[in-house]
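Reader: I have a model open and want to learn to read its features. Where do we begin?

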Amino acid sequence: MSTSIYKRIIELMDNQSKPISVAVVGGGISGSTCAMLLAEQGANVSLIEKGPSLVNGPPICHLHAGGNLYREISEHQCLELLRQSIDTVRLYPQCLNVRPTVVAVPKSDNGDPLALLPRLKLIQSTYQQLVSQDERNSVLGEPADYYRLYKREDIEALANSTQTDLKDIDQWLIPFAKHVDLEQLKFPIVVVQEFGLSVFRMAAMADLAVSTIPSCNVRLNTELLGASESENGWRLELRNGDQTYSQHFDYLVNASGFETGKIDDLVSKPKQRFVEFKAAYVTRWSDCNEQWPEVIFHGERGTPKGMAQLTPYAGGYFQLHGMTEEITLFKGGLVGSSHLSSQPRLPNAYTRKINQGWSNEIQQSRTEKAIHHLACFIPSFVTAQVGGKPLYGAQQIPGNDPSLRAADVHFEGNNYARVEIVKASSAIDAAMKLIKHLGLSDGNAEQIIESYSPNLSGLSANEVVLRAEELALQRGYPVELAQVSGLN
Ligand SMILES: Cc1cc2nc3c(=O)[nH]c(=O)nc-3n(C[C@H](O)[C@H](O)[C@H](O)COP(=O)(O)OP(=O)(O)OC[C@H]3O[C@@H](n4cnc5c(N)ncnc54)[C@H](O)[C@@H]3O)c2cc1C
C-alpha cells in the first residue's frame, strides 16, 4: 500500500472517532440549551456569545403552557406550546414562578369570554393525556384544575376573605376580588394554570450547568465576524477584544436571536422573518400585601385599549405590559426582511435602546403610562411607582406570519441550522431536533428529558437563586425579579 493511501485511511479512521465540532453562535436561551444538550450527547461544542453573560437578551416572563395569553393563535400552536412548556419545566425546574393567570375580557372589548372555552377544553384534555402517559408531566398541577370559570357572584363572595392557603385556587382570586373594578368586566372570567418564568434564574441555570460540561466550551465577549463554507464544514472568523482569529467547525448553528438574519446574510442563506421591538415595565406597589395571580385584561393589540397585563414578582414588584404603541409596542417596531437582506432593519432609535439603554425620561414616562393603563382596571394600583429599568428587546419571528408563537429550528444543507424561537419553551424542541439531525441520539424513545442534561435538571434551588440574584444586580435590576414568587 502506498504511503499516501495509508495516510488517508488513518485520517478517515481518526475522523470517525472524533466527535463532531459544532459552533453555536448566540448564548441566549436557544443557543445555551442547544449547546448544553448537544455537548451532553457527545458533540464538541463551542458556544459563542458576543455579550458578557448567557441568557441576557430580551425578557422571558411567562411559560405559555397552552398559549392562553393569545386569543389569535391556532389550537395546534397552543398544544405545541403546552408540550414544550412541560419539557421546559422538567429541564429547568428552578425557573418557575407558580401562580395562576386570570384572563378577563373587559366590556370595552369585542371578545366573548366563552369563546376560548373549546380551546381550553382541548388543552386540558391534552394535558390529561400527557400526564396519563407519564406522571412526571404533571408539572402544571392536577389536569382537572387546569382552568376554572368564575361568575361575578363567585368573585364577589371572595372580597372579604383572607389568603391562608394558596394551594386552594380560589384564594388567588382574593386580591382580584378586592381591587379590580368588576363593573368593567364581562363574565365569566377564566383562571388558568399559566405560570411565570424567571429569566434571571434561566440565565443562572445555563451559567451554572454549562461550566460543568467539559465538552461545552463557552466563549463570552466573542463575536462571529465572518464565515466561509468548505466541503467539510466552516471556517469562522471570531473576535474577542482586540484579538481576531479563525477556527474550523464541522457544523454551524445560528442561534443569534433577533440578529439571525445578519448571519444568514454572512453565509448567503436567505430567509424571511420579522423582528419586533417591545418592552415590559418594572414597578413596585408598596401598598400590596397579598399574593397576586398574573392578570390579563384583553384588548385589541396596537390600539389605546390594547391588552393590559400584570405579572407579579417577589417583594411587591410587578411587571407590566400594555399592548399599545405608548407602552409595550413601538411605532414602526415590527419590521420584516427585504429582498436585499434577511436581517429586518429596526429604526435606529430602537437599536440604540438595545445597545445603549434608555434615557431616564422615556423610562419614567412609559412606566407611568403602563401604571395608568393597569389602574383603569385596578384603581388602587395607581399608587405603584417605577421599580427599575424596563425589560426590553427585539423578538424574532421566522416566516411570514407575525402572530406565529411556536417555532424551533430550520436546517439548511448538511452543515447549517438556524434556531429561531419565539417563546423560550421552544428551545428544547430545537435542541432535540438538532440532536436527531446530527445523529447524536441512540434513538432510545424511553430516554426521559431530564437525562439529556442531568447537569441542568440537577441544580439546587438555592444555588440557582443565589446566582440569579447576582446576575440581576449585575444587569441593573432589583434582586426581587430573580427570587421565587408564588407557590414554592
Ligand atoms: C418584551 C418581550 C417580552 C417577552 N416575553 C416573553 C415571555 O414571557 N416568555 C417567552 O417565552 N418569551 C418571551 N419573549 C421572547 C423571548 O425573549 C425570546 O424568544 C428569547 O429570548 C429568544 O431567545 P434566543 O436565544 O433565540 O435569542 P436571544 O436571547 O436574543 O439570544 C441571542 C444571542 O445571540 C448573541 N449574538 C447575536 N449575534 C452574534 C454574533 N455575531 N456573535 C456572537 N453572538 C451573537 C446575542 O448577543 C444574544 O445574546 C419576550 C420578548 C420581548 C421582546
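Author: With burial. A residue counts as buried under 20% relative accessible area, and as exposed over 50%. Keep in mind that this is a predicted model. Now apply the cut-off to strand E13, residues 273-284: 11 of its 12 residues are buried.

Reader: Which strands pair with E13, and in what sense?

Author: Take them in turn. E19 joins E13 through eight bridges, running antiparallel. Phe274 has Ile397 of E19 as its bridge partner. E16 is antiparallel to E13 too, over four bridges. There, Tyr281 is matched with Leu320. Strand E17, residues 334-336, pairs antiparallel with E13 over three bridges. Glu276 faces Leu334 of E17. Finally, two bridges join E13 to E18, again antiparallel. In that pairing, Thr283 has Val386 as its partner.

Reader: How do I read the two faces of a strand?

Author: In a regular strand, side chains alternate between the two faces of the sheet. Look at strand E12, residues 251-254. Tyr251 and Val253 lie on one side, Leu252 and Asn254 on the other, and all are buried. Both faces of E12 are therefore covered.

Reader: Which strands pair with E12, and are they parallel or antiparallel?

Author: Both run parallel to E12. Strand E1, residues 21-25, is joined to E12 by four bridges. Val24 of E1 has Val253 as its partner in E12. Strand E21, residues 416-419, pairs with E12 over three bridges. Leu252 stands opposite Tyr416 of E21.

Reader: Next, aromatic rings. How many aromatic pairs does the structure hold?

Author: There are 15 aromatic pairs. To name the geometry, look at the angle between planes: over 60 degrees is edge-to-face, under 30 is stacked, and the rest is tilted. Phe318 and Phe381 have ring centres 6.0 Å apart and planes at 85°, so this pair is edge-to-face.

Reader: Which parts of the chain does that pair tie together?

Author: Phe318 sits in strand E16, residues 317-322. Phe381 sits in the loop between helix H10 (360-375) and strand E18 (385-386). The pair therefore ties together parts that are 63 residues apart in sequence.

Reader: Are Phe318 and Phe381 buried or exposed?

Author: Buried. Phe318 has 3% relative accessibility, and Phe381 has 0%.

Reader: What does a tilted pair look like here?

Author: Take Trp358 and Tyr392. Their centres are 5.3 Å apart, with 50° between the planes. Trp358 lies in the loop between helix H9 (348-356) and H10, while Tyr392 belongs to strand E19, residues 391-398. The pair thus links parts 34 residues apart in sequence. Trp358 is buried at 12%. Tyr392 is buried as well, at 16% relative accessibility.

Reader: Which residues do ring pairs link into a cluster?

Author: Phe277, Tyr281, Phe330, Tyr350, Trp358 and Tyr392. Charges sit over two of these rings. The charged end of Lys353 is over the ring of Trp358, 5.3 Å from its centre. The charged end of Arg366 is over the ring of Phe330, 3.7 Å from its centre.

Reader: How many disulfides does the structure hold?

Author: Zero. The cut-off is two cysteine sulfurs within 2.5 Å. For Cys288, the nearest cysteine sulfur belongs to Cys61, 18 Å away. For Cys376, the nearest is that of Cys288, at 19 Å. Neither Cys288 nor Cys376 is in a disulfide.

Reader: Are these two cysteines buried or partly exposed?

Author: One of each. Cys288 is buried, with a relative accessible area of 17%. Cys376 counts as partly exposed, at 43%.

Reader: Last, a single residue in a helix. Where is Thr88 found, and what does its side chain reach?

Author: Start with its place, then its partners. Thr88 is in helix H3, residues 75-91. Its relative accessibility is 2%, so Thr88 counts as buried. The Thr88 side chain reaches the backbone oxygen of Gln84 at 2.8 Å. Then set aside neighbours within four places in sequence. Thr88 is in contact with Leu63, Pro93, Met202, Ser425 and Ile428.

Methods:
Residues numbered from 1 in each chain as written. Predicted model: local features only at pLDDT ≥ 70, side-chain atom pairs only at ≥ 80, totals over all residues. Heavy atoms only, no water. Phe/Tyr/Trp six-rings, centres within 6.5 Å; stacked < 30°, edge-to-face > 60°. Buried < 20%, exposed > 50% of the residue type's maximum accessible area, 1.4 Å probe, protein only. Lys NZ or Arg CZ within 6 Å of the ring centre and 35° of its normal. Polar contact = N/O pair within 3.5 Å; in protein donor to acceptor, adjacent residues only side chain to side chain. Contact = heavy atoms within 4.5 Å. Pairing = 2+ DSSP bridges.
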